[in-house]
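User: I am new to this structure and would like to be taken through it by questions and answers. Could we begin with a single helix and then turn to its surroundings?

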Amino acid sequence: MPTISPATPADAEFFQQNGYIRYEHFFSAEEIASLRHAIDHAIDTHRARIRGAEKDGRVSEEYERVFNQMVNLWTDYPAAKEVAFHPRLAETARRLSGCRHVRIYHDHAMIKPPGQTSKETNWHQDAPYWPMDPVGALSAWIAVDDVTADNGCLHFVPGSHQYERLEPIKLGVAGESIVAKMKERGYDVPEPVTMDMPAGGVTFHHGCTFHYAGPNQTAAPRRAFAIIYMPDYTTFTGTHDAAGAADEMKAGGPWDHSLHPILAGD
Ligand SMILES: O=C(O)CCC(=O)C(=O)O
């Protein structure tokens with residue numbers, strides 16, 4: 001039986017043209033409550049897994065003010081796996097990218113801490129950080145809390161994926177911005193769109209889409225959970241694998257590994 005997905009052919013066309021799409025109501029309140037609980041547990045009890053804070057080190061306190069990031073929660077939290085492997089979500093990613101099947105690269109919780117020290121997520125693309133060729137992977141970003149411009153919802157520049165893969169941007173460094181760099185180079189970068197939505201809503205964005213989130217100016221954390229999907233034609237470049245399987249894959253080969261299973265398609 002085919003998996004039901006909200007992605008229509010018109011949605012796929014919109015995504016291909018604009019590099020993003022929003023589904024304001026995707027997950028039920030119950031599904032999100034279980035996921036929220038898993039994220040809170042992970043952040044409270046596995047602090048050493050926060051990127052940049054491994055082994056009690058504080059590689060970059062600035063980065064932690066952008067967000068606290070933990071990857072591969074699906075491997076130890078059933079509620080996170082339920083969402084990360086959700087057939088409807090994966091099938092939506094597959095239809096939007098127009099490929100035969102999608103594999104998971106990794107999931108990641110991103111909790112933007114509240115308060116005066118909260119920092120913006122600089123304008124950036126994701127693809128420069130990913131060891132993949134060709135570019136085609138996309139993210140599903142799930143609002144675990146209601147998100148608005150005040151607590152750090154995402155913003156996208158429509159059509160910016162068409163600039164293809166550019167240089168990486170340092171997320172913890174104030175003022176770094178791929179939008180500013182492109183404007184300096186003389187590009188007429190379109191105005192961004194604001195992706196506010198209630199908890200349970202999902203946006204998808206292409207790995208080359210310019211995106212940003214403002215600082216969290218509220219009193220509560222902004223919790224989000226994202227899953228990165230790779231189309232069937234994606235090869236591993238061999239540089240590194242944030243999910244941890246680099247030593248067991250071949251540079252130039254497929255992402256054929258138990259940490260990167262196929263989640264939709266054949
Ligand atoms: O949640 C954020 O602040 C940024 C998210 C992001 O950069 C991503 O999901 O690619």
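User: How many residues does α2 have, and what does it reach from its first C-alpha to its last?

Analyst: In this predicted model, helix α2 runs over residues 29–45. At 1.5 Å a residue, a span of 24 Å is expected for α2. The helix has 17 residues and, close to that expectation, reaches 24 Å.

User: Which residues of α2 are buried, and on what side or sides of the helix do they lie?

Analyst: The buried residues of α2 are Ile32, Leu35, Ala38, Ile39, Ala42 and Ile43. An α-helix has 3.6 residues a turn, so residues three or four places apart point the same way. Because the buried residues cover an arc of only 125 degrees around the axis, they lie on the same side of α2.

User: Which exposed residues does the face turned away from the buried side of α2 carry?

Analyst: The buried side of α2 packs against β2 (68–71), α4 (78–84), β3 (101–112), β6 (138–143) and β11 (222–231). The face turned away from that side carries the exposed residues Ala29, Glu30, His37 and Asp44.

User: Which helix gives the largest share of the largest nonpolar core?

Analyst: The largest nonpolar core has 52 residues, and Leu73, Phe225 and Tyr229 are among those with the most contacts inside it. Its largest share, six residues, comes from helix α2.

User: Which residues of α2 does leucine 73 contact?

Analyst: Leaving aside neighbours within four places in sequence, leucine 73 is in contact with residues including Ala80, Asp107 and Phe225. Its contacts also include, from α2 (residues 29–45), Ile39 and Ala42.

Methods: Residues are numbered from 1 along each chain as its sequence is written. This is a predicted model: local features need pLDDT of at least 70, side-chain atom pairs count only at pLDDT 80 or more; totals for chains, interfaces and linings use all residues. Side-chain values use heavy atoms; hydrogens and water are left out. A nonpolar core is a set of buried Ala, Val, Leu, Ile, Met, Phe, Trp, Tyr and Cys residues joined through side-chain atoms within 4.5 Å. Buried means under 20% relative accessible area, exposed over 50%, partly exposed in between (1.4 Å probe, protein chains only). Helices (H or I, at least four residues) and strands (E, at least two) are DSSP runs, numbered from the N terminus. Contact means heavy atoms within 4.5 Å. The expected span of a helix is 1.5 Å times one less than its number of residues. The arc is that of the directions from the helix axis to the C-beta atoms.
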